[in-house]
Structures are given as C-alpha cells and as structure tokens.
Amino acid sequence: MPQSRGRPSSKRPGKGSGGAGRNSRAGASPDRPNAKPPPPDSRRGAAAAGKARAAREAARQRAERTQRLKIIGIAVAAVAVVVAVLVIVKVTTGNKGTPKHVATGSTLSKVVNLTTTIPSATLDGVPASGDKPKPLRGAQPLTTDGKPALLYAGAEFCPYCAAQRWPLVIALSRFGTFTGLQTTSSSSTDALPDTATFTFLHAKYSSRYLAFQSVELSDHNGKKLQSPTKQQGELLSTYDLQKYTGGENGSIPFLYYDGKFVSSGATYDGNVLQGKSQLQIATAIQKPDGKISKAVLGAANTLTAQLCTLTKGQPARVCTSAAATSGAGKQ
Amino acid sequence: MNAAAVRAASLVLAVLGLGLSVYLTIEHYSSGTTLACPATSTVNCAKVTTSPESKILGIPVAVLGLLFFIAMVGLTLPVSWRARNAIVHQVRVASASAGIVFVLWLIYAELFRINAICLWCTGVHIVTFLLFCVVAYAAAYWGFGPADEPAQS
C-alpha cells in the first residue's frame, strides 16, 4: 500500500504511463484550448484516495471471506466431531443386550429332552418340506474319525441360524446324541427378533454313523465366539459362495455335508417361531399338526434324508422311515 | 482451490452419490427375501435397508437419497455455479446442509437403533460429507454469487 501511494509522487506529470500522464496530455489537446487541466496535486490525491478505498474494500472482503471460511471450518469440524463421538460411544459401549429367551435348569432339560426324542411316528406324520441343499461334485470330503461329517457354521445373533438349529437338532438326534446343548435367542434388533433357539457353543455330539462339527462365529450381540479350524475356514471360503449355495457369499447358517451337499440360509420360514419360547416350540413339535410342526419337522425330515446319504442309509430304522423317504423322494 | 476445481469436484461428488443412490434404490426394490445372515452382524446391508429406519413417512431413505443427489447434480452443474441468481447458491448450500444433517441422523440410527452398518450407505455418507465441504467452501469463498472467477487471495 505505501508503494502505490508513493510511486505517482515520484513521477513527473506527462512523463509517466499512468492515468495522470494521460489526463495531462488530454488537457493540452488543441481541440480544447480553453480547458484548464486540474492541478497535478489534486489529481494525484484523487487517484490515491480511490486506490486507498479499493484497498480498504479488498481488505474488508478478505476479512469477511476469512471469517466465513472460519465459520465453515467450524461447521465441518463439528460434523466430523459428532461422527467421531457417535463411533467412539458405540465402540466403547457396544451392544450389551441379553437373549430374551433362555431356558435353564429343569426347563432346559425338558426342552432338550422333548426336542431330541421326538417319536418316529410324529416325524413320519409330517411330509418333508423346506429347501434342499445343493449337490456338490468333486468337493473335498469332510470326515471325523473316519465318519462322514456335517459342518455347521452360524452365529447366535442370526435369526435364520436360530430357526435352522431346531431341525438340525431333531435330525441329528436320530443318528446320535447331543450333550451340552444350551439355549439362546437371536438378536433383538434383526429380522425375526428374539427367535428362541439352541446354541451349539458347548454342545458335543456323538454318533456311530456320522460326525457333527459346529462353529458359532458370534454371540447374541455379534461379538466373536468361536473361530473355525483351518479346514473349516477353507471350506467356508471355498464353498460358502453363491455359485455353490445359491445364496449370498459368506451367508450363514452354512451347512457342508461331507462334500456331497452344501447350503446357506434357513431351509424354512422361521416366522412360525416368532414370539415363542423354547419350551413352547418344543411342546408344539410333539404333535405332527400345527404350523410349527409342519415347518420344523418337515425341515428336519428333509435334513434326515440328506444325512442318510452321508451314512449310506444307516441306521436303517431311520433312513427307511416315512419321514426320511419322504425327504429323499423329493430330491 | 479455484472456481474450476470447486465446480469439477462438486459435480463429480454429486454424480458419484447419484450412482450409489441408484444402486441402493434398485436394491431396496429388487432384493428378495433371503433367509440368511451375513457372517458378521456389524456389516449388514440388508438389515439396514430393511429396518424400520429405512423409511421416513413411508418413503424409502434410498429414494430420498436419490432425489437429493438428482437435485445436487443439477445444483453443481457449471451453469448453476455461474448463476447470477443468489437463490441458486442459497438452495445449494441449504441442500448440502440438510443432507449432512440427515447423514448424521442415519449414522446414529445405524449405530444405535439398527446396530448394523451398510457399507454402501457409508459410501453415500462420505460423499455427502465431502460434497458439503466443497459447497460450504464455495459459499465461504464466493458468497452467494457466481463461482466463475479465479480465487483472489
């Protein structure tokens, strides 16, 4: 600023290239012989005042712009801070919900007993139903101690895993014995909230005919529970894909039948279990009629037929039953 | 950042957001009922896009996002940035601000009400935030006038 004011004063009128010089030449034009040029000092003062005003205006605009940029910066920072606070609160507090339906003590024993000892006649009275697993060709066999194995991967929060455990427990109980079965219910904030079910977290299964491998990947709140073994992880990454299961890649519940069949997702509509406790469901499936029985026992019979292909029809009393053959017939 | 860069950045972001919104809208109307869960409960697009929070007054949030980005594409076209009418620039700032407030609500809903995150939705949130930054910067720099001159320092 001082330079702009100082420069004109160092120039002689008429010799510079600035406005004062041009005006000076116009004032001496022969067309306007009587026109008196304004005094050089006055012209320089006006020009300087104009430049000062412009400079002040520019400075004011810069200051306003800087002020606006500060406000915008604060607004953007505020948005970022709000998001950060939300994420931090979520990460530090996490989900701490507890399963709505949990059977313990004598109720647990009753539920397990009712579910694992359904009479053959009851199962025979329900036609096999539900989705069937997809056949695999040339896939890696899965055995445990020389017995064909069924691999289950699921999670306690998952409502479709919750639904699928019922027919799984029923079907597998026809080939062997479960111990350590406990109960839980699916997430309260997911589809089919609080679906009452079992958990395989501490369950053991023994059978002369086949093995059962289970992985509960996450708990009711989605926190990590069990990790698959290396082999199980490879099977999950290799076969839990749409091209094999027909479902979304990486979906659960995932079932791998000794390299012969594969499926992901529940094989029946778990809506029928909504609002029911484990005991109510276990009681409902004691009779072949009713929505719950038709869905759960029908799906169990389909599973039984699949398992019979793994055990090569053993035990015969199971694999030749109406329940199993109705499932096999639908293949 | 000069005017041309602001114009280009805002338009690219708006078009990107529009693409994501189109995808989410198609997914909203075409996704079938799958009886399966993703292996992790945290990242679960289906849970988010089928939650009660996925609709506001019966209108799918995906559709609201689509409408938002259609408007933002129009408001970030070069002709809009050069508009002499201050209302165009005011509407742009107001829309971007409304968008970011809505995004904050959606993030809250995902984290605390739905308990799941949709990565596609997160993509939309990031784009909306960046768009808000660019539009706000332009408003601070050029006010509600046309952003068609080089920035002055």
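**Strand pairing, helix packing and the contact between chains A and B**

Strand β3 (residues 147-154) of chain A and strand β8(A) run parallel and are joined by 6 bridges. In this pairing, Gly154(A) stands opposite Glu216(A) of β8(A). Strand β8 of chain A covers residues 211-216, and 5 of its 6 residues are buried, so this strand is largely enclosed by the rest of the structure. The model described here is a predicted one.

Turning to chain B, a good place to start is its overall make-up. Chain B holds 6 helices and 3 strands, and, read from the N terminus, its elements follow the order α-β-α-β-β-α-α-α-α. Along the principal axes, the C-alpha atoms of chain B fill a box of roughly 60 × 25 × 25 Å. Chain B has 153 residues, of which 41% count as buried. Among the contacts in chain B with a separation of 6 or more, 83% come from residues 24 or more positions apart.

Two helices of chain B, α5 (86-114) and α6 (119-142), deserve a closer look. Helix α6(B) is 24 residues long and spans 34 Å from its first C-alpha to its last, close to the 34 Å expected at 1.5 Å a residue. Just after α6(B) comes Gly143(B), with a positive phi near 65 degrees. Helices α5(B) and α6(B) pack with their axes 9 Å apart and at an angle of about 145 degrees, and the crossing is left-handed. The residues that meet across this packing include Val93(B), Ala96(B), Ile100(B) and Val103(B) from α5(B), and Phe129(B), Phe132(B), Val135(B) and Ala136(B) from α6(B). By class, the contact of these two helices has 13 nonpolar, 5 polar and 1 charged residues. Helical geometry offers a helpful guide when looking at such a contact: an α-helix has 3.6 residues a turn, so residues three or four places apart point the same way.

The same pair of helices also takes part in the contact between the chains. This contact takes 31 residues from chain A and 25 residues from chain B. On the side of chain B that touches chain A, β1 (37-38), α5(B) and α6(B) each supply at least two residues. That side of chain B has 19 nonpolar, 5 polar and 1 charged residues. Strand pairing links the two chains as well: β1(B) and strand β9 (residues 251-252) of chain A pair in the antiparallel sense over 2 bridges. Within this pairing, Pro38(B) of β1(B) is the bridge partner of Ser251(A).

Conventions: Residues are numbered from 1 along each chain as its sequence is written. Chains are lettered from A and ligands numbered from 1 in the order in which they are written. This is a predicted model: local features need pLDDT of at least 70, side-chain atom pairs count only at pLDDT 80 or more; totals for chains, interfaces and linings use all residues. Two residues are in contact if their C-beta atoms, placed from the backbone, lie within 7 Å. Helices (H or I, at least four residues) and strands (E, at least two) are DSSP runs, numbered from the N terminus. Ala, Val, Leu, Ile, Met, Phe, Trp, Tyr, Cys and Pro count as nonpolar, Asp, Glu, Lys and Arg as charged, and the others, Gly among them, as polar. Two strands pair if DSSP finds at least two bridges between them. The expected span of a helix is 1.5 Å times one less than its number of residues. Axes are lines fitted to C-alpha atoms, for helices over the stretch in contact, and angles run from 0 to 180 degrees between N-to-C directions. A crossing is left-handed if the near helix is turned anticlockwise from the far one by less than a right angle, and right-handed if clockwise. A residue is buried if 20 or more other C-beta atoms lie within 10 Å of its own, exposed if 12 or fewer, and partly exposed in between; C-beta atoms are placed from the backbone.
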